[in-house]
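Biologist: I have a new model on my screen and want to learn how to read it. Please take me through it one feature at a time.

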Amino acid sequence: MMFERTRKQLTIFFGSILGVVIILITAFFYLLLQKTLQHNEIQKLDDLKNKMAQQWEHRVEEQAKGIRQVDRKNVEWIFLLSDELIVWVSPDQKTQISPSRYTSMSNQLLNWSQRYEMKREKGERFYIDESGKRQTFLVSSQILNDVGGVYWMAIDISSNEALLRTIRLILMLSTVVLLSIAIWLAYFFAGKAMVPIKKSYARQVEFTTNASHELRTPLSVIHSSVELLEECKDTLPEFEQHILDSLQDEVKRMIRLVESLLTLARSDSKSLPIKMDKINIVQVSHQMYQAIQPLALAKGIILKLDAPVIEHELTFIHGNLDQIKQLVYILLDNAIKYTPPGGQVTITYLTSQDDRPTLQIADSGIGIPKEELARIFERFYRVDKARSRELGGAGLGLSIAADILTSHSAYIHVTSEEGKGSLFEIEFQPE
């Protein structure tokens, strides 16, 4: 599960990078195409302006030569292309319209000319829906030199709009396909990258398991030998008695450390069989309360249990009894360990808003700094290393608790304030 989660995170990371690159390339290509078409449209509009200006200059030249009088005859519109149209208002307010198949657009140009609505020189887009078909035009207006009047012009750019829509659809579909391929490739190469890590991790787990097994036997022998020496402790000098006490404490600490390492190694290798049963979490709380009460009394700590006596449906969860007991014991032991004499540790059972069985373990201990909260479940991590070693901690208890929570799909929320204590809230899945 840990490797799969890491692989997913790598997939998201590499997939996001590839996705951003693909989207940027697609967007750049589309914007480049759009700008190119818009430039061509403006260029075509400028060409139409030049053609109209040349037509007017030609008519002025003919007038100067006495060939014809300006404005006495309709303009010959043969210089226009089939997708171009013009409405011209001469200085004597005579209106001339170029012949066109765009009836609606011609009428619109005529309306603008009658109201004398000038359009931007670079053109404005105008849309007309005719016979269920949408047409797009680029329109502009211009004043002719030498008092030639004003004209309104339009060019049909519907084909460019249709091309852009088609390209946009193709690019969107291509982007989706490329993103899917990119995500698959990211997942594939993330898996390849995880292979050496998995092998190294497997060797590490194997070494930890074997080392823990090998250490258990000599530690058991040393522990037995120390217990035998305890029987004749009174016959030893005071210095040797002190050494014997220290040796016994260290042996016990080593045994706990080896057991913790073995538990974690089995959990990592999935070799630890987990039998799931219907468990009464309130009953487990009572049992752990009684089991750890002597430790609390020895340290002068008040241990309280606030749980219902009567069983009901929401007091049951689905899990492994031994692991749930170990989980509760670890949290209680941790709370007592870091609570000074005269303090208080409370076990509370309640149900969440969505009817999930919830167990709270609160203490009035030294608390945890806010910047350390995110790391307390890391292996071998200790907030106060000197104090943890003094109390016999190795930084593995909460790591084991985190593994148990993961295997039971449970959630834990920790709040703490330095000098005021901590609250561990576990939310289980209901039976």
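Modeller: Let's begin with E161, which sits in helix 3 (residues 158-231). Helices are DSSP runs of H or I with at least four residues, strands are runs of E with at least two, and both are numbered from the N terminus. This is a predicted model: local features need pLDDT of at least 70, side-chain atom pairs count only at pLDDT 80 or more, and totals for chains, interfaces and linings use all residues. Residues are numbered from 1 along each chain as its sequence is written, while side-chain values use heavy atoms and leave out hydrogens and water.

Biologist: Is E161 buried or exposed?

Modeller: The terms go by relative accessible area: buried is under 20%, exposed is over 50%, and partly exposed is in between (1.4 Å probe, protein chains only). E161 counts as buried because its relative accessible area is 16%.

Biologist: And which side chain does the side chain of E161 make a polar contact with?

Modeller: A polar contact is a pair of N or O atoms within 3.5 Å; within protein, one must be able to donate a hydrogen and the other to accept it, and residues adjacent in sequence count only if both atoms are side-chain atoms. For E161 the partner is the side chain of R125, at 3.2 Å.

Biologist: What about pLDDT, then?

Modeller: pLDDT is the predictor's confidence in each residue, from 0 to 100. The protein chain averages 81, and 82% of the residues score at least 70. Among its elements, strand 5 (residues 150-156) has the highest mean, 94, and helix 7 (residues 385-390) the lowest, 49. Where pLDDT is low, the predicted coordinates should not be read in detail.

Biologist: Which residues does the UniProt annotation "transmembrane region" cover?

Modeller: According to the unreviewed UniProt entry, residues 12-33 and 169-190. Such positions are given in the numbering used here, with feature names shortened, and annotations may be inferred rather than shown by experiment. In the model, residues 12-33 are 100% helix, with end C-alpha atoms 31 Å apart. Residues 169-190 are 100% helix too, and their end C-alpha atoms lie 31 Å apart.

Biologist: How do I check the length of a helix?

Modeller: Compare it with the expected span, 1.5 Å times one less than the number of residues. Helix 6 (residues 321-337) has 17 residues and reaches 24 Å from first C-alpha to last, close to the expected 24 Å. Its buried residues include I324, L327, V328 and L331. At the N-terminal end, N320 acts as a cap, with a side-chain oxygen 2.9 Å from the backbone nitrogen of Q323.

Biologist: Now the sheets. How do I know which strands pair?

Modeller: Two strands pair if DSSP finds at least two bridges between them. One open sheet has 5 strands in the order 2-1-5-4-3, with antiparallel pairing. Strand 2 (95-97) and strand 3 (124-130) are its edges, each pairing on one side only. Strand 1 (residues 84-89) meets strand 2 over 3 antiparallel bridges, and W88 stands opposite Q96 in strand 2.

Biologist: Which order do the strands of the mixed sheet follow?

Modeller: That open sheet runs 7-9-10-12-11, with strand 7 (302-306) and strand 11 (411-417) at the edges. Strand 7 and strand 9 are parallel, joined by 5 bridges; L303 has V345 in strand 9 as its bridge partner. Strand 9 (residues 344-351) and strand 10 (residues 357-363) run antiparallel, with 7 bridges, and T346 stands opposite A362 in strand 10. Their hairpin has 5 residues between the strands, and there D355 takes a positive phi near 60°.

Biologist: Where else should I look for positive phi?

Modeller: Try two loop residues. Q93 has phi near 65°, positive in a residue other than glycine, and lies in the loop between strand 1 and strand 2. Q93 counts as exposed because its relative accessibility is 61%. Y116, in the loop between helix 2 (103-115) and strand 3, has phi near 55°, again positive in a residue other than glycine. With a relative accessible area of 49%, Y116 is partly exposed.
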